[in-house]
Amino acid sequence: MRAIDSGPPRAFRGGPAGVAVASWLLRLAVLGYAIGMVSAVQRKLGSGLGTYFFLEWGFTHPQVAPVERLAAWLLLALAIAALLRPHWALALPIALLVTLEAAAQYFNAGFPFSQWTLYAHALRYGAPAALAVLYIGLLSRGLGPHRHLSLTAWLLRAALATVFTVHGIEALMQHPRFIDYIIGTAYNFTGHFLSEFVTVQIMRAIGVVDILVAVLVLVRPRPAVLYWMAFWGLVTALARVTTFGVGHHHEVLVRSAHFLAPLAVLCILSAIPRDRGVQDHAPGAAS
């Protein structure tokens with residue numbers, strides 16, 4: 001396997017720094033997810049894969065624990081390797097492991113809106129997949145650098161739109177956990193409980209805005225839209241801590257792509273010449 005240094009792929013060297021920044025943002029998102037998974041497993045909070053083995057295959061908890069630790073530490077090792085020496089052959093297995101975790105949670109079910117898990121986790125496996133696409137061009141003679149950037153940006157934009165759409169629908173349908181976040185955070189900061197009426201109105205507003213920006217990131221990914229997605233992705237990730245305390249920091253880490261991926265898209269779009277950009281064209285239209 002040919003390793004790559006910490007800079008952008010050779011096809012982009014000497015070009016805009018945005019590609020290099022985007023690469024680092026995606027690698028940090030992957031690393032954040034891996035650290036969050038290791039933290040959860042080491043604290044015996046479990047994982048989707050471990051729960052699947054327990055429920056579907058009849059494994060006992062002592063049997064499941066080593067499998068969870070192995071998968072989490074393998075993921076972390078790959079993430080560190082990808083951070084230091086980025087290569088598509090490191091990013092792809094990361095994307096596969098993260099997808100398997102999402103699929104396991106989907107099949108485990110047992111929680112509200114579990115049927116949408118694969119869509120809600122699109123950014124978690126979309127970030128390493130986009131990183132692989134960004135670097136796979138080193139071995140591809142058929143794709144020029146701008147076409148390659150276009151594909152990477154579209155993959156991330158599709159993942160962003162999917163996650164925000166799902167969360168918007170869940171907010172409109174009054175996801176009970178989202179209600180907990182709003183009431184809990186408000187109480188922890190103000191000492192007062194929000195009324196049910198106010199909470200429902202906030203949820204509706206959040207749902208509408210989430211779906212709106214999901215559409216905009218596909219049809220018109222302006223900087224303001226991407227900055228908002230990064231801000232809101234960070235706010236909603238931190239809601240686990242502001243509601244339940246710092247012990248839930250791992251839930252913030254596994255959502256690192258929610259606030260780093262929008263910034264990566266912004267950097268990638270800034271690196272594509274305006275006449276060859278992806279703002280108003282499908283991937284196949286880029287040259």
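Axes here are lines fitted to C-alpha atoms, for helices over the stretch in contact, and the angle between two of them runs from 0 to 180 degrees between N-to-C directions. Keep that handy for the exercises below, and remember that this is a predicted model.

**Exercise 1. Get an overview of the chain: which elements does it have, and what percentage of its residues is buried?**

Start with the elements. The protein chain has twelve helices and zero strands, so reading from the N terminus gives α-α-α-α-α-α-α-α-α-α-α-α.

Next, burial. Of the 287 residues, 46% are buried.

Last, the contacts. Take those with a separation of 6 or more: 74% of them join residues 24 or more positions apart.

**Exercise 2. Work out how α1 and α3 are oriented: roughly parallel or roughly antiparallel?**

Step one is to find the helices: α1 covers residues 18-42 and α3 covers residues 61-84. Their axes lie 9 Å apart, at an angle of about 160°.

Step two is the cut-off: angles over 145 degrees count as roughly antiparallel. The pair α1 and α3 is therefore roughly antiparallel. The crossing of these two helices is left-handed.

Step three is to see who touches whom. On the α1 side the contact includes Trp24, Arg27, Leu28 and Tyr33, and on the α3 side it includes Glu68, Arg69, Trp73 and Leu76. Sorted by character, the residues of this contact are 18 nonpolar, one polar and three charged.

**Exercise 3. Do the same for α1 and α12: what are the angle and the axis distance?**

Helix α12 is made of residues 256-271. It packs with α1 at an angle of about 165°, the axes being 8 Å apart. That makes the two helices roughly antiparallel, and α1 passes α12 in a left-handed crossing.

Now the contact residues. Among them are Gly18, Val19, Leu25 and Tyr33 of α1, together with Ser256, Leu260, Cys267 and Ala271 of α12. The tally for α1 with α12 is 15 nonpolar, four polar and no charged.

**Exercise 4. Check the length of α3, then say which helices its buried residues pack against.**

Length comes first. α3 has 24 residues, and at 1.5 Å a residue the expected span is 34 Å. From first C-alpha to last, α3 reaches 35 Å, which is close to that.

Then list the buried positions: Val64, Glu68, Ala72, Leu75, Leu76, Leu78, Ala79, Ala82 and Leu83. The buried residues of α3 pack against α1, α2 (48-56) and α4 (88-108).

**Exercise 5. Ala239: is it buried or exposed, and which residues does it contact outside its neighbours within four places in sequence?**

Place it first: Ala239 is in helix α10, residues 223-244.

For burial, the cut-off is under 20% relative accessible area. Ala239 has 11% relative accessibility, so it counts as buried.

For contacts, leave aside the neighbours within four places in sequence; Ala239 then touches Tyr181 and Thr185. Ala239 and Tyr181 are 58 residues apart in sequence, yet their C-alpha atoms are 5.9 Å apart in space.

**Exercise 6. Look at α8: what span should its residues have, and what comes just after it?**

α8 runs over residues 176-190, and its 15 residues should span 21 Å at 1.5 Å a residue. The end C-alpha atoms are 21 Å apart, so the two agree.

Phe178, Tyr181, Ile182, Gly184 and Ala186 are the buried residues here. Just after α8 comes Gly191, with a positive phi of about 80°.

How values were computed: Residues numbered from 1 in each chain as written. Predicted model: local features only at pLDDT ≥ 70, side-chain atom pairs only at ≥ 80, totals over all residues. Heavy atoms only, no water. Helix = DSSP H or I, 4+ residues; strand = E, 2+ residues; numbered from the N terminus. Parallel < 35°, antiparallel > 145°, perpendicular 65-115°, else oblique. Left-handed = near helix turned anticlockwise from the far one by under 90°. Contact = heavy atoms within 4.5 Å. Nonpolar A, V, L, I, M, F, W, Y, C, P; charged D, E, K, R; others polar. Expected span 1.5 Å × (residues − 1). Buried < 20%, exposed > 50% of the residue type's maximum accessible area, 1.4 Å probe, protein only.
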